[in-house]
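Please open the model in your viewer and keep the selection tool at hand. The stops below run from the whole chain to single residues.

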Amino acid sequence: MAEMNASSLRTTTLETKPFSLDSVQYTVLAFVLAVCVPQVPHGTALRYGLFLLQITCAIQAFLAPPPPILDRAVLYTSGVLMGNLVARYFDRLYATIPEKAFHRILGPQIPEDAARLSAPERVFWALELFSVTRGIGWNWRVAGIPKSPAPTTRFQFAVGQLILWVATYAGLHLVNVACQVILSNPNVTPSLASNLQIYALIVVGCAVTIYSHFAIVMLPLSALCVGLKIGPRSWQDSASWPPNFASVRESYSIRRFWGHTWHQQLRRQAGAPGAYLISLLPESVRTSKRKSVRLGRRYSLLLMSFIVSGLVHACGSYQVTRALGLPLSDGGEMKYFLLQGMAIIAEDLGCWALCIDDRAGTKPGEMRRWMGYATTLSWYVWSRVQLKGVPLALGMGIQDERGDLFAALDFVQQSAVAVPGNFVAMAWELIRNIKNKSFSE
């Protein structure tokens with residue numbers, strides 16, 4: 001009893017842990033604050049306070065500890081999202097007064113006045129502004145985005161989107177299975193045939209995975225909004241949901257591949273910093289018609305867009321390496337994207353030297369088209385694997401005794417598996433289990 005009394009009177013020290021947020025929580029908080037900033041009148045102290053707090057949270061997302069996740073693919077995607085959002089904030093919050101610069105289109109060339117919206121309407125307006133990536137339904141347009149599909153019935157559109165949704169998950173499952181077959185086979189050794197197979201699987205696997213990052217949300221959401229006519233009025237129009245990728249037929253040049261065929265989710269925010277810097281130049285430079293100045297502006301904007309793309313993707317490698325305690329690395333992203341811009345410049349120079357008119361609106365001949373396909377495919381496959389796939393995997397600490405290509409393939413497999421909600425894979429495994437059970441009985 002005495003011992004109990006003594007222990008009950010003994011002073012105990014409670015361990016206190018200071019309140020802290022991880023990088024993902026700061027990312028969410030920065031987004032919420034970005035939505036809140038336009039709700040406060042411009043020029044007020046509260047607006048400036050929210051603005052500074054939003055910038056602070058956006059910066060803290062890169063300084064705070066990463067979430068306790070060991071999945072490289074998830075960490076990489078979260079880091080890319082952090083960089084993507086910062087680029088979007090610069091475009092739509094830091095360099096402009098959003099309620100004065102951005103308006104949704106209510107009808108044919110009828111812009112909505114954001115300043116006259118009610119408080120609840122203004123919240124949704126800001127939420128959409130910082131979520132939308134390609135300007136559909138707004139008074140700004142992004143050149144080069146894939147064209148909207150031909151007019152169909154609401155039912156046909158919804159069914160088509162849902163079929164694509166299922167096909168996307170099926171593609172992810174096939175990529176996962178194909179990668180596992182190669183990676184689990186100890187007899188696969190580096191050779192020309194196996195290397196070509198791995199090259200193709202890396203490129204296709206990356207394309208399917210990147211497509212899925214947009215499709216798993218946009219496809220079912222567009223089917224619901226258009227098919228059932230729910231959600232905002234502009235979202236109920238199939239023209240508001242153009243495809244993420246344009247036809248491969250458009251990619252007969254490196255410029256057209258990146259400017260038309262590949263997804264345009266980053267196009268506006270990637271070009272915003274360069275456009276802002278150009279706007280700071282003297283008017284004589286900004287408006288000069290001299291060919292040398294025009295070409296300087298054109299290619300400066302091109303290279304700066306790819307630099308911003310490189311920085312956005314480098315945030316993914318940064319997030320992975322610091323989460324796993326590895327040496328900080330950009331995964332080769334900056335070199336890869338900068339060289340894509342340089343390749344376009346070299347291609348333009350070659351077309352000029354050969355007197356090939358590759359400007360928009362011109363119809364290429366069959367020889368130009370097929371030579372372009374071969375050049376673009378060769379460059380993209382090689383650069384995607386050697387300048388990005390391999391450095392990215394090695395920077396994340398993935399190694400394989402059979403060579404760097406196998407390490408890159410390993411990360412492709414991890415990325416395909418990490419995409420959430422793959423009901424096709426779950427259904428396939430369920431069918432396999434049922435068959436195995438019936439055979440065992």
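Begin with the charges: the 40 positive and 26 negative charges of the protein have mean positions that are 9 Å apart. This is a predicted model, and every value on this tour is computed from it.

Now show the whole chain as a cartoon, where the secondary structure comes to 16 helices and two strands, and where the C-alpha atoms fill a box of roughly 100 × 70 × 50 Å along the principal axes. Of the 441 residues, 44% count as buried, and the accessible surface comes to about 24100 Å², of which 67% belongs to carbon and sulfur atoms. If you draw the contacts between residues at least 6 apart in sequence, 74% of them join residues at least 24 apart.

**The nonpolar cores**

Next, select Ile202 and Trp258, which touch the most other members among the 47 residues of the largest nonpolar core. Helix 7 (154–183), helix 8 (192–227), helix 9, helix 12 (291–323), helix 13 (333–353), helix 14 and helix 15 (404–418) are the elements that give two or more residues to this core, and its largest share, 15 residues, comes from helix 8. A second, separate core has 33 residues, among them Phe31, Ala34, Met82 and Cys315.

Stay with isoleucine 202 for a moment: which residues is it in contact with, leaving aside its neighbours within four places in sequence? Displaying side chains around isoleucine 202 should bring up Val385, Leu405, Ala408, Leu409 and Val412.

**The aromatic cluster**

Trp258 also belongs to an aromatic cluster, so select it together with Tyr211, Phe245, Phe257, Trp262, Phe306, Tyr336, Phe337 and Tyr380, which form one cluster with it. The structure holds 25 aromatic pairs, and one of them is formed by tryptophan 262 and tyrosine 380, a tilted pair at 6.0 Å centre to centre with 50 degrees between the planes. Tryptophan 262 lies in the loop between helix 9 (254–261) and helix 10 (267–279), while tyrosine 380 lies in helix 14 (residues 366–395), so the pair ties together parts that are 118 residues apart in sequence. Are these two residues buried or exposed? Tryptophan 262 counts as buried at 10% relative accessibility, and tyrosine 380 counts as buried at 9%.

**Leucine 266**

Move along to leucine 266, which is found in the loop between helix 9 and helix 10 and is buried, with a relative accessible area of 13%. Leaving aside its neighbours within four places in sequence, leucine 266 is in contact with Asn84, Ser309, Val312 and His313. If you add a distance label from leucine 266 to leucine 339, 73 residues apart along the chain, the C-alpha atoms are separated by 17 Å.

**Two residues with positive phi**

Finish in the loops, beginning with lysine 229 between helix 8 and helix 9. Lysine 229 has a positive phi of about 55 degrees although it is not a glycine, and it is partly exposed, with a relative accessible area of 45%.

Then select cysteine 355, whose place is in the loop between helix 13 and helix 14. Cysteine 355 likewise has a positive phi, of about 60 degrees, although it is not a glycine, and at 71% relative accessibility it counts as exposed.

Conventions: Residues numbered from 1 in each chain as written. Predicted model: local features only at pLDDT ≥ 70, side-chain atom pairs only at ≥ 80, totals over all residues. Heavy atoms only, no water. Phe/Tyr/Trp six-rings, centres within 6.5 Å; stacked < 30°, edge-to-face > 60°. Helix = DSSP H or I, 4+ residues; strand = E, 2+ residues; numbered from the N terminus. Buried < 20%, exposed > 50% of the residue type's maximum accessible area, 1.4 Å probe, protein only. Core = buried A, V, L, I, M, F, W, Y, C linked by side-chain atoms within 4.5 Å. Contact = heavy atoms within 4.5 Å. Areas by Shrake-Rupley, 256 points an atom, 1.4 Å probe, with all protein chains shown as cover. Lys, Arg positive; Asp, Glu negative; His and termini not counted. Charge placed at Lys NZ, Arg CZ, Asp CG, Glu CD.
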